Every structure is written in structure tokens, then in C-alpha cells.
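Good morning, and thank you for coming. I would ask you to have the sequence and the structure open while I speak.

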Amino acid sequence: MASKGHGDTDSGRLPPAPAYSKEVPPGHNAVYPAPTVVPPPPSYLTPSAPPVHMMMSASLGPLNAVYPAPTNPGFPPPGYVTPSAPPMMPAPFGHPNAVYPAPTNPGIPPVPPGYVPPPVPAVMPAPPPDLRPTGCPPGLEYLIHVDQLLVHQTFHLAELLGWEVRNSYNVKNSIGQQVFLAEEENNCCTLQCFGPSRPFTFHIQDNLGQEVLTLTRPLACSYCCFPCCLQDLEVQSPPGIPIGYVVQECHPFLPKLTVLNERRQPQLRIKGPLFFCSCCRDVTFEVKTLDDSMLIGHISKQWSGFLREVYTDADHFGIVFPMDLDVKMKAVLLGACFLIDFLYFEERKGDKKH
């Protein structure tokens with residue numbers, strides 16, 4: 001049998017190529033798979049061509065030279081001044097974009113339309129101490145500008161039953177406007193036991209509720225036959241500081257009083273009638289100088305009607321004095337009016353003294 005040669009093949013075909021092994025090291029006919037192409041991300045931007053000035057010829061400068069952007073040499077011309085912004089015109093009043101200047105005092109709101117100021121009280125409050133007239137006690141400035149006062153006693157229903165009550169008075173000016181209010185301070189035992197001869201303290205307030213006068217009367221005899229126990233009224237303004245006194249004089253027939261200043265020096269005299277009757281007419285107490293040569297005013301008990309005079313002790317008085325009289329003496333004359341009422345016109349239970 002003949003042997004097959006090295007170049008012989010079965011059926012005339014080439015032998016199959018050997019299988020490639022992955023174990024073949026690099027450089028020994030290794031076959032590698034083609035690389036996988038990864039597409040760019042969606043936000044990737046393809047770079048554009050470089051600027052023209054970067055692609056200029058080398059004669060204009062070195063390679064890759066970067067030059068600044070060209071300017072306009074013709075603008076602005078020399079001496080040109082840049083115009084300022086026009087001022088902002090204010091918006092008309094009431095416009096939504098209107099700008100208003102800040103108020104000078106942010107704490108005080110503007111006066112609304114239709115505002116009506118409150119009425120001025122009839123009695124103005126006392127001015128500051130530095131503007132108060134010299135020698136005028138605080139609260140008595142109103143007395144400087146008046147020459148007469150009206151004193152009206154308040155009626156109490158208990159007086160019809162013979163029960164003694166604390167007195168109160170309204171002090172008014174000549175046109176009926178209230179200036180002061182006087183209230184008596186006392187207890188029930190003193191009222192019922194001593195009647196009109198009782199000691200008392202009157203507190204006189206202005207329309208603002210400030211106490212401007214205090215009248216004090218100690219317990220004393222109401223008859224002039226006892227010179228050592230005559231009536232004495234002290235007037236204080238402000239409370240605690242005496243500004244004058246009213247002292248009863250001893251006289252067998254005539255009712256007489258002396259007005260003293262704060263140093264107990266006599267200033268004026270008050271003299272009543274020898275026989276006085278308040279029926280259908282006024283009873284007048286004259287205010288004179290110390291030598292009785294000049295009449296400067298009077299204190300009169302006014303007729304207030306038959307029913308009031310008969311059934312009550314609510315009396316009406318009028319006080320007249322010069323306009324230029326010292327304001328302290330005007331206040332003391334007001335206190336003298338209360339003392340005159342208690343001495344000569346107040347009614348004891350079941351006994352009339354007039």
C-alpha cells in the first residue's frame with residue numbers, strides 16, 4: 001500500500017484552519033474583538049472652529065496669537081460729557097405709585113378731614129408756675145379777672161324733715177357758669193349736736209377736681225357777748241398754707257367781721273345791718289376799708305323765693321368786690337360768705353334766727 005505524502009489531502013480539500021485560542025499572548029498572531037463605539041452624551045457640544053484672529057498668518061504675529069476686540073476710535077469724541085439721567089417726576093396725588101415725604105413727627109398722626117377740636121372748658125386750668133401771676137396761689141387765677149361771685153347752697157330733701165346734713169355750695173360767675181364746688185367735711189354727731197354752731201372744714205374744688213381752697217372753723221361761741229370765744233375762720237390756699245382769716249368782732253348790736261391777711265394784719269371790715277329781715281328782699285353786708293371811709297364791695301343774702309326761704313336753709317348769696325383787689329382777699333371774702341351764712345342764716349331745728 002502506498003503511503004500518503006505530506007501534501008496529500010482527503011478528497012482534494014485543504015485541512016480546516018486551527019481554532020484561535022484566547023490563550024495566545026500578544027504578539028503571537030492574537031486576534032482581538034473590535035472596540036465598542038460609545039456615543040457622546042446628549043448635552044455634548046461639538047467644538048466650533050477657532051476664531052479668525054487665531055488663524056491669521058504668521059506674518060502678523062506668532063502662532064496662536066490672541067488679539068483684543070477692536071474698538072470704535074471715532075466715539076466718543078474728545079470732551080464728550082455723558083448725560084445724566086433725567087430727574088424722576090413725582091406721581092400725581094392719589095396715584096398708586098405716588099411717593100410722599102416722610103412726616104416730620106411720625107408719632108403724631110395727621111389730622112383727619114372733618115376733625116372738630118374739643119370745646120374749651122369754661123374755667124381754664126392753672127398756668128405753669130413760671131407764668132402764674134406773682135403772689136397768686138395755684139388754682140385761684142380765675143379770680144383775677146372777676147369782680148363778683150354767686151354762691152348757691154345745694155338743697156337736700158332731709159332738711160324738710162328737720163335733719164341736719166352737710167352743706168354744699170356751687171360758686172358761679174356772673175353769668176351762671178360754675179367756677180368752684182364747696183363740700184363740707186363733718187360727722188353725723190357734730191351735725192346733730194351743734195347745728196349751725198358746729199366746727200367744720202370746707203374743701204373747695206375747681207372744675208377739674210383740684211382742691212384750691214380749704215376753710216377751717218373751730219368750735220366757738222356764736223354769741224358776741226363772749227369776747228374770748230368769738231368765731232374765727234381760716235382760709236388756706238393751697239391746703240395747709242394760710243392766706244387769710246375772718247374774725248368776728250365783739251359788738252352789742254351790729255354784726256361785724258374783720259378780714260385779716262396771712263400775717264393776721266387787718267385789711268377790711270364787714271358790717272351788717274342793725275335789724276335785718278330777708279323776707280322779700282336782700283340782706284346786705286357792706287365791705288369797707290378799715291376806717292369805714294370807703295365802700296369797696298358787699299356780701300348780700302339774696303331773696304330766693306317764699307317756699308325755699310320758709311321750708312329750707314338753702315340760701316343764695318352774691319359777692320361783689322373790686323376787680324383789682326388782691327386775689328387772696330377775694331378768696332377770703334368768699335370764705336367770709338360761708339361764715340356769714342352759718343352765723344346769721346342757718347336754721348336750728350325748730351328755731352329761726354331771721
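I shall begin with one helix, then turn to one of its residues, the aromatic rings and the nonpolar core. Please keep in mind throughout that this is a predicted model.

Let us start with helix α3, which covers residues 327–345. Does its length fit what one expects of a helix, or what does a simple calculation give? At 1.5 Å a residue, the 19 residues of α3 should span 27 Å, and the C-alpha atoms at its two ends are indeed 27 Å apart, so the two values agree. Is α3 enclosed or open to the outside? Of its 19 residues, 19 are buried, and the helix is therefore largely enclosed by the rest of the structure.

Within α3 I would like to single out F338. Its relative accessible area is 1%, and because buried means under 20%, F338 counts as buried. Which residues does F338 touch, if we leave aside its neighbours within four places in sequence? They are V151, Y169, A182, I204 and L215. Take L215 as an example: it is 123 residues away from F338 along the chain, yet the C-alpha atoms of the two are separated by 9.0 Å.

Next, the aromatic rings. A search of the whole structure finds nine aromatic pairs. In one of them, Y169 and F202, the ring centres are 5.7 Å apart and the planes meet at 55°, so the pair is tilted. This pair links distant parts of the chain, for Y169 belongs to strand β2 (residues 168–172) and F202 to strand β4 (residues 200–206), 33 residues apart. Both partners are buried: Y169 has a relative accessible area of 0%, and F202 likewise stands at 0%. Our residue F338 returns here, since Y169, F200, F202, F338 and F342 form one aromatic cluster.

A ring can also be approached by a charged side chain. R264 lies over the face of Y245, at 3.9 Å from the ring centre.

Finally, the nonpolar core. In soluble globular proteins, nonpolar side chains tend to be buried together. The largest nonpolar core in this model has 49 residues, and those with the most contacts inside it are L140, V151, I204, L213, I270 and I299. Which element gives the most to this core? It is α3, with 15 residues. I204 brings us back to that helix: not counting residues up to four places away in sequence, I204 touches residues including F180, L213, L215, L334 and F338.

Thank you for your attention.

Note on methods: Residues numbered from 1 in each chain as written. Predicted model: local features only at pLDDT ≥ 70, side-chain atom pairs only at ≥ 80, totals over all residues. Heavy atoms only, no water. Helix = DSSP H or I, 4+ residues; strand = E, 2+ residues; numbered from the N terminus. Buried < 20%, exposed > 50% of the residue type's maximum accessible area, 1.4 Å probe, protein only. Contact = heavy atoms within 4.5 Å. Phe/Tyr/Trp six-rings, centres within 6.5 Å; stacked < 30°, edge-to-face > 60°. Lys NZ or Arg CZ within 6 Å of the ring centre and 35° of its normal. Core = buried A, V, L, I, M, F, W, Y, C linked by side-chain atoms within 4.5 Å. Expected span 1.5 Å × (residues − 1).
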